[in-house]
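Welcome! Let us walk through this structure together, starting with a loop and then turning to some helices.

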Amino acid sequence: MEFIKKKAPGILVCALIAGLATFLANLSIGSFSLEVVGAPVFAILIGMIITLVFPRLSSGESMKQGVTFTSKKILQWAVIILGFSLNLGTIAKVGAQSLPVIISTILVSLLVAMLLMRVMKIDKKVACLIGVGSSICGGSAIAATAPVIDADDEEVAQSISVIFLFNVVAALIFPTLGYNILGLGSEGFAIFAGTAVNDTSSVTAAASTAEGLYGVEGILSSAVTVKLTRTLAIIPITLVLAFIRTKRAKKNGGNASSVSLKKIFPFFIIYFVIASVITTLVGIMAQNGVAAAFCEFYNGSFVAWAKWLAKFFIAMAMCAIGLNTNIVNLIKKGGKPILLGFCCWVAITGVSLGVQMLTGIYSTNL
């Protein structure tokens, strides 16, 4: 009862705004689908605008605990539920060919982020979030990493905004770039979209447009599979970051009881892995004709529901982060993070194309 009294108002407001953001993301302006922008971006923008107009709203006693709970716990729940959309068997089978490209783009993006963080004197947590978001899977990777490095809401908002900017640009220009200018094959483009575009919605938009240009089906499903393979990199990245944070905290004067890997360890990632394993086992059951009706329901309705709920929870969390963010300060500090995001994006694009050339995927067709 105490939980409802203290947290329900803030959670409810975030849920209502997430609902509005989801509605907006399903609209189109002419031929331009707002799905490219995505519900999380709409949610964070609406949250920031509300705080700009009503600065004391999220910090009031009736709202504060619920908004904080949404930005922390519900964000972690979103990552866990996302695991139900990942069949490790399918990813291993289809995504294996793209693995050299995925590993190369992730490593280069993280190295660029680390290097420019030092050169440009950018906040370490913002640089880390932009590097991880650019290289792995946009908002989902930022959502998973933020609790591990103890990033505050303004740092998360800054990173999400940067990722969103280059998501939209990529979704708009990559299909024409790949087909008309670079001469990528249909399979080459699928891997290009899956490795060089950050967010799933933007990968979907770019790949769908490309199917029309190439006149070939299968680009969308291949690109999304590559994208989901990238998502698995959340697991080692968050574990490594947790270990690094523990070592640094101890080095800076913390003792073993107050600073430990057990306290910092992202246990929600373990639940994310368990969710993925469950979906994989159900996939194996379906292949062997075991519990056919259950498998059909699970792989159809349940997985679709889980994907939707994960996206909705991320939108709720982004709204909470927006409510705790000063948009004026965000704009003032925006120059360097945007430049960092641009450099990561260019590096990923170049490496994706380069590794495809080296491995012979560049001009292959589905």
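Asp150 sits in the loop that links α7 (139–149) to α8. This is a predicted model, and in it the phi angle of Asp150 is near 60°, a positive value in a residue that is not glycine. With a relative accessible area of 44%, Asp150 is partly exposed, because that class runs from 20% to 50%.

A second residue of this kind is Ala291, whose phi is near 45°, again positive although the residue is not glycine. You will find Ala291 in the loop between α14 (267–287) and α15 (292–323). Its relative accessibility of 38% makes Ala291 partly exposed.

Now follow the chain into helix α8 (residues 153–181), which packs against helix α17 (residues 335–359) at an angle of about 40°, with the two axes 9 Å apart. That angle makes α8 oblique to α17. The crossing of these two helices is right-handed. On the α8 side, the residues in contact include Val162, Leu165, Phe166 and Val169, while α17 brings, among others, Ile338, Gly341, Phe342 and Trp345. Sorted by class, the contact has 11 nonpolar residues, 3 polar ones and no charged ones.

Finally, take a look at helix α11 (residues 219–231). Its 13 residues, at 1.5 Å each, should span 18 Å, and the C-alpha atoms at its ends are indeed 18 Å apart, so the two values agree. This helix is mostly covered, with 10 of its 13 residues buried. Among them are Ile219, Val226 and Leu228, and also Lys227 and Arg230.

Notes
Residues are numbered from 1 along each chain as its sequence is written. This is a predicted model: local features need pLDDT of at least 70, side-chain atom pairs count only at pLDDT 80 or more; totals for chains, interfaces and linings use all residues. Side-chain values use heavy atoms; hydrogens and water are left out. Axes are lines fitted to C-alpha atoms, for helices over the stretch in contact, and angles run from 0 to 180 degrees between N-to-C directions. Helices (H or I, at least four residues) and strands (E, at least two) are DSSP runs, numbered from the N terminus. Angles under 35 degrees count as roughly parallel, over 145 as roughly antiparallel, 65 to 115 as roughly perpendicular and the rest as oblique. A crossing is left-handed if the near helix is turned anticlockwise from the far one by less than a right angle, and right-handed if clockwise. Contact means heavy atoms within 4.5 Å. Ala, Val, Leu, Ile, Met, Phe, Trp, Tyr, Cys and Pro count as nonpolar, Asp, Glu, Lys and Arg as charged, and the others, Gly among them, as polar. The expected span of a helix is 1.5 Å times one less than its number of residues. Buried means under 20% relative accessible area, exposed over 50%, partly exposed in between (1.4 Å probe, protein chains only).
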